[in-house]
Amino acid sequence: QRLREDLEGKLSAALGNMEMELRKCVTYDSAGLVHFQQPENQGDRKGRGRGLSWLKFRRGGGGSRTTRDVATWGTEEVATWLEALQLAEYAESFMQHDIRGRELLALCRRDLKELGVTKVGHVKRILQAVRDLSM
C-alpha cells in the first residue's frame with residue numbers, strides 16, 4: 001500500500017508538470033482555437049535538449065494562466081512549478097514552509113534566502129518566473 005501511494009504521488013506530480021509545460025507552448029485565439037508557439041529564433045540551438053522548459057509564459061487568450069489561478073495553487077502545484085523550472089532541489093523547503101500560490105506570488109529576495117535559495121542564478125530565475133506568473 002505504501003509503494004502504491006508513493007507511485008501515485010510521483011505520477012500526479014509528473015502529470016502536473018506535463019500540464020504546466022504544455023500550457024507554456026499553446027495559446028488560444030478568440031474562437032477558442034489552439035495555436036502552438038514556435039521559438040523566436042528557430043535557427044538558434046539554445047533551447048534544444050532541455051524539453052519544453054525554454055518556452056516562456058506568454059500573455060494572451062483564454063488558455064493562459066491567470067494570477068487568480070496561481071493564487072489557488074497548493075504546495076504540490078508550487079513544487080511542480082519548481083520542477084518545471086529545473087529547481088526541484090527547493091521543492092521540499094517550499095513545502096516545509098507551506099509556500100502556496102498566494103505566497104509564491106508575493107515572494108521577494110529575502111524570502112528566497114530564508115528558504116535556502118542562495119545561488120544568485122536560482123534567485124533570479126525564481127523571481128523572473130514569479131513575475132511571469134503575475135502577468
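How much area does the chain expose, and what share of it do carbon and sulfur atoms supply? I looked this up before anything else: the chain exposes about 9,200 Å², and carbon and sulfur atoms supply 50% of that area. A reminder to myself is that this is a predicted model.

**Entry: confidence**

I checked how far to trust the picture. The chain has a mean pLDDT of 75, with 64% of its residues at 70 or more. I then marked residues 39–63, where the pLDDT is below 50. This stretch still has 26 contacts in the model beyond near neighbours in sequence.

**Entry: overall layout**

I counted elements next and found seven helices and two strands. Reading from the N terminus, I get the order α-β-β-α-α-α-α-α-α. Of the chain's 135 residues, 31% count as buried. I also looked at contacts with a separation of 6 or more, and 56% of them join residues 24 or more positions apart.

**Entry: the core**

Which residues have the most contacts inside the largest nonpolar core? My list reads Trp73, Trp81, Leu82, Phe94, Leu104, Leu112 and Ile126, in a core of 26 residues. Helices H3 (75–84), H4 (91–96), H5 (101–105) and H7 (120–133) are the elements that give two or more residues to this core. H7 supplies the largest share, six residues.

I followed Trp81 a little further. Leaving out residues up to four places away in sequence, Trp81 touches Met20, Trp73, Leu104, Ile126, Ala129, Val130 and Leu133. Ile126, Ala129, Val130 and Leu133 are among the buried residues of H7, so I like Trp81 as a place to start when viewing the core.**Entry: helix H3**

Why is H3 largely enclosed by the rest of the structure? Seven of its 10 residues are buried, so the surroundings cover most of the helix. I noted the buried ones as Thr75, Val78, Ala79, Thr80, Trp81, Leu82 and Ala84. Just after H3, I found Gln86 with a positive phi of about 60°.

Thr75, in helix H3, made me pause. Its relative accessibility is 17%, and because the cut-off for buried is under 20%, Thr75 counts as buried. Not counting residues up to four places away in sequence, Thr75 touches Met95, Asp98, Ile99 and Arg100.

**Entry: Arg102**

Is Arg102 buried or exposed? Arg102 sits in helix H5, and at 59% relative accessibility this residue counts as exposed. Arg102 still has partners: leaving out residues up to four places away in sequence, Arg102 touches Val70 and Ala71. I also checked Thr67, which lies 35 residues from Arg102 along the chain, and the C-alpha atoms of the two are separated by 8.9 Å.

**Entry: helix H7**

I finished with H7 and tested its length. At 1.5 Å a residue, its 14 residues should span 20 Å, and the end C-alpha atoms are 20 Å apart, which agrees. The buried residues here are His122, Val123, Ile126, Leu127, Ala129, Val130, Asp132 and Leu133.

What do the buried residues of H7 pack against? I found helix H2 (67–71), H3, H4, H5 and helix H6 (109–114).

Note on methods: Residues are numbered from 1 along each chain as its sequence is written. This is a predicted model: local features need pLDDT of at least 70, side-chain atom pairs count only at pLDDT 80 or more; totals for chains, interfaces and linings use all residues. Side-chain values use heavy atoms; hydrogens and water are left out. pLDDT is the predictor's confidence in each residue, from 0 to 100. Contact means heavy atoms within 4.5 Å. A nonpolar core is a set of buried Ala, Val, Leu, Ile, Met, Phe, Trp, Tyr and Cys residues joined through side-chain atoms within 4.5 Å. Buried means under 20% relative accessible area, exposed over 50%, partly exposed in between (1.4 Å probe, protein chains only). Helices (H or I, at least four residues) and strands (E, at least two) are DSSP runs, numbered from the N terminus. Accessible areas come from the Shrake-Rupley method with a 1.4 Å probe; for residues, only the protein chains shown count as cover. The expected span of a helix is 1.5 Å times one less than its number of residues.
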